[in-house]
Amino acid sequence: METGKVVVERAGGKSTATHCFSKYPLKFIIPNKVGPSQADAVWIYTIIDGGGIVSACTLSISLHKEMCMVFGDSIKFDISVGDGCTTVLTTQASTKCSEQVLE
């Protein structure tokens, strides 16, 4: 089951997010302006709501037939980047820094 999808295509001569879908626990944040105005890149921040992600573990049980159960969270999303487009995929943690110099 897909948790999210983002499509980046050329629109108006620049990289633009033309489709964005996400559902719990995933969220995409795509700000209008990141960095210098001449930069042609779509920044996509992934955010996970809730208490975090549970590691997946696999449990196999053999009784009369083999059963395989997977416990944990599963997040699947698709990012489609068109020809000539630039995309930065990162997390909200990338904004946490003690000192930043912008030119």
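Is Cys 20 buried, partly exposed or exposed? At 42% relative accessibility, Cys 20 is partly exposed. The structure described here is a predicted model.

**Overall make-up**

The chain has zero helices and eight strands. Along the sequence the pattern reads β-β-β-β-β-β-β-β. Of the 103 residues in the chain, 16% are buried. The accessible surface comes to about 7,700 Å². Carbon and sulfur atoms hold 53% of that surface. Among contacts with a separation of 6 or more, 46% join residues 24 or more positions apart.

**Cysteines**

Cys 85 is buried, with a relative accessible area of 14%. Cys 20, at 42%, counts as partly exposed. The cut-off for buried is under 20% relative accessible area. Cys 85 falls under it because its value is 14%. Cys 20 does not, because its value is 42%. A search of the whole structure finds zero disulfides.

**Strand pairing**

Three pairings are set out below.

| Strands | Sense | Bridges |
|---|---|---|
| Strand 1 and strand 2 | antiparallel | eight bridges |
| Strand 3 and strand 4 | antiparallel | four bridges |
| Strand 4 and strand 8 | parallel | five bridges |

Strand 1 spans residues 4-11, and strand 2 spans residues 14-22. Together they make a hairpin with two residues between the strands. Gly 12 takes a positive phi there, near 65°. Within this pair, Lys 5 has Phe 21 of strand 2 as its bridge partner.

Strand 3 covers residues 26-29, and strand 4 covers residues 42-48. Between these two, Lys 27 stands opposite Ile 47 of strand 4. Strand 8 covers residues 87-91. On that side, Trp 43 stands opposite Val 88 of strand 8.

**The open sheet**

Strands 3, 4 and 8 form an open sheet in the order 3-4-8, with mixed pairing. Strand 3 and strand 8 stand at the edges. Each has a single partner strand, so one side of each lacks a neighbour in the sheet. From one strand to the next, the twist averages 25°. How many residues of strand 4 are buried? Five of its seven are, so strand 4 is largely enclosed by the rest of the structure.

**The nonpolar core**

Which residues make up the largest nonpolar core? There are seven: Val 6, Val 8, Leu 26, Phe 28, Val 42, Ile 44 and Cys 85. Strand 1, strand 3 and strand 4 each give two or more residues to this core. The core thus includes Cys 85, a residue that is buried because its relative accessible area of 14% is under 20%.

Val 8 is a core member with contacts in several parts of the sequence. Leaving aside residues up to four places away, Val 8 touches Ser 15, Thr 16 and Ala 17, among others. Its contacts also include Val 42 and Ile 44. Further along the chain, Val 8 touches Ser 80, Val 81, Gly 82, Cys 85 and Thr 87. Val 42, Ile 44 and Cys 85 belong to the core along with Val 8.

Methods
Residues numbered from 1 in each chain as written. Predicted model: local features only at pLDDT ≥ 70, side-chain atom pairs only at ≥ 80, totals over all residues. Heavy atoms only, no water. Disulfide = S-S within 2.5 Å. Buried < 20%, exposed > 50% of the residue type's maximum accessible area, 1.4 Å probe, protein only. Core = buried A, V, L, I, M, F, W, Y, C linked by side-chain atoms within 4.5 Å. Contact = heavy atoms within 4.5 Å. Pairing = 2+ DSSP bridges. Areas by Shrake-Rupley, 256 points an atom, 1.4 Å probe, with all protein chains shown as cover. Axes fitted to C-alpha atoms, helices over the stretch in contact; angles between N-to-C directions.
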